[in-house]
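Subject: Structure handover

Hi,

Here is the structure for you to look over. My notes follow below it.

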Amino acid sequence: MTRAADIDLGLARRVLQTEAAAILALVDRLGDEFERAVRLLLDCRGRVIVTGMGKSGIICRKLAATLSSTGTAAFFLHPAEAIHGDLGVLQADDVIIALSHSGETAELLRLLETIKRLGASLIAITGDRSSTLAEAADVSLDASVSEEACPMNFVPTASTTAALALGDALAMTVLVAKGFQPQDLANLHPGGKLGKRLMRVEQLMHAGDLIPRVRIDARMPDVIYEMSRKQLGMTCVMDERDALVGIITDGDLRRHMTRETQLLDRTAVDVMTRNPVSIVPSMLAAEALRVLEQRKITSVVVVDEAGTIQGVLHLHDLWRTEMF
């Protein structure tokens, strides 16, 4: 078994430092070419096709996934498979992002003739801007590194990290330029923990017959019965148009009981809190949780633009989704 003394933590630290330096070196290189690449992606009327071999191909798969998840239709194309029949996927309106550290990857170079013949746009991400791939591209982005993190300066490490970071910079710049919003992200991430965080209130709220609600002139015994039956610790108070005018909570009942002895003779309007906090059905669950925490409340009424009651969201509804 390897002894702890045989493990070179200094080497591990140098790997991280080398890769961090490779990313930081990209910052000052961003300029006109990067802006042109972003513009090509924004103006793309087809798909974004990302292609690369070996470890570069793995980075390409991640870039394609990031673009797709942020509203840009993107696909990974294996260059070796492309030259054996998959070239038909390419179309004139596409933008191709080709990644090769050397810029001389044979399988990628064999795609150039087809790309040029179709008239598709080509963005190259390379470590050599004088390479064949870089020279053939409409836009060439410099992802060169001074050294790999590998002690032998051989295994792709810093170079793949730099390419990954540059791809992320492209994707995030495009995301913002498109005006991509959290609601858009919610539509593209319906599953998993992220999807749960981005669920809308209307997917979680108590609706229909599950909404605790009484009329403004309801007697307090009826109010208490409704609160007990719906078990949310509160009830909405509505007018004749079903519009929200107030709420009554367990806390309201306790406060009135300590001040008066004739509570049961009162009506909802005498006890309710007017102008309660409300949210809209399209609000994201994460935003709703922030409202509840900031206001220090456990339930909030969900209303439409006219103020009509649509549902009630309880803190437990958010925690039950295991999203936080």
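How many nonpolar, polar and charged residues are in the lining of the largest pocket? By class, that lining has 8 nonpolar, 6 polar and 5 charged residues. Please keep in mind that this is a predicted model.

**The largest pocket**

The volume of the largest pocket is about 310 Å³. Its lining takes in 19 residues. Nearest the pocket centre lie Ile247, Thr249, Ile297, Thr298 and Ser299. Four elements give two or more residues to this lining: S8, H12, S9 and S11.

Some of these elements also meet each other. Helix H12 covers residues 250–259. H12 lies across strand S8 (244–249) and S9. The angle between H12 and S8 is about 70°.

**The two open sheets**

S8 and S9 belong to an open sheet of 4 strands. The order is S6-S7-S8-S9, and the pairing is mixed. Strand S6 (213–215) and strand S9 (273–274) each have a single partner strand, so one side of each is left without a neighbour in the sheet. S6 pairs with strand S7 (residues 234–238) in the parallel sense, over 3 bridges. One residue pair to look up is Val214 and its bridge partner in S7, Val237.

S11 sits in another open sheet, this one of 3 strands. Here the order is S10-S11-S12, again with mixed pairing. The edges are strand S10 (278–279) and strand S12 (309–314), and each pairs on one side only. S10 and strand S11 (residues 299–303) run in the parallel sense and share 2 bridges. Ile279 stands opposite Val302 in S11.

**The cavities**

The structure holds 2 cavities of 30 Å³ or more.

The largest cavity contains about 60 Å³ of space. Its lining is made up of Ser56, Leu99, Ser100, His101, Thr126, Gly127, Ala143, Ser159, Thr160 and Ala163. By class, that is 3 nonpolar, 7 polar and no charged residues. Strand S3 (95–100) and helix H8 (158–177) each supply at least two of the lining residues. H8 gives the most, with 3 residues.

The second largest cavity has a volume of about 40 Å³. Val50, Ile59, Cys60, Leu63, Ile97, Leu99, Ile125, Ala163 and Gly167 line this cavity. The class count is 8 nonpolar, 1 polar and no charged residues. Helix H3 (54–69), S3 and H8 each supply at least two residues of the lining. Which element gives the most to the lining of the second largest cavity? H3 does, with 3 residues.

Two residues appear in both linings: Leu99 and Ala163.

**One buried serine**

Ser121 has its place in strand S4 (residues 121–126). Is Ser121 buried or exposed? Its relative accessibility is 19%, so Ser121 counts as buried. The cut-off for buried is under 20%. What does Ser121 touch, leaving aside neighbours within four places in sequence? Ser121 is in contact with Leu40, Asp94, Val95, Ile96 and Asp138.

That is what I have for now.

Best wishes

Note on methods. Residues numbered from 1 in each chain as written. Predicted model: local features only at pLDDT ≥ 70, side-chain atom pairs only at ≥ 80, totals over all residues. Heavy atoms only, no water. Pairing = 2+ DSSP bridges. Contact = heavy atoms within 4.5 Å. Axes fitted to C-alpha atoms, helices over the stretch in contact; angles between N-to-C directions. Buried < 20%, exposed > 50% of the residue type's maximum accessible area, 1.4 Å probe, protein only. 1 Å grid on protein atoms, 1.4 Å probe; cavity = no way out; pocket = protein on both sides within 12 Å on 5 of 7 lines; lining within 4 Å. Points joined across faces, edges and corners; volume = space filled by probe spheres on them. Nonpolar A, V, L, I, M, F, W, Y, C, P; charged D, E, K, R; others polar.
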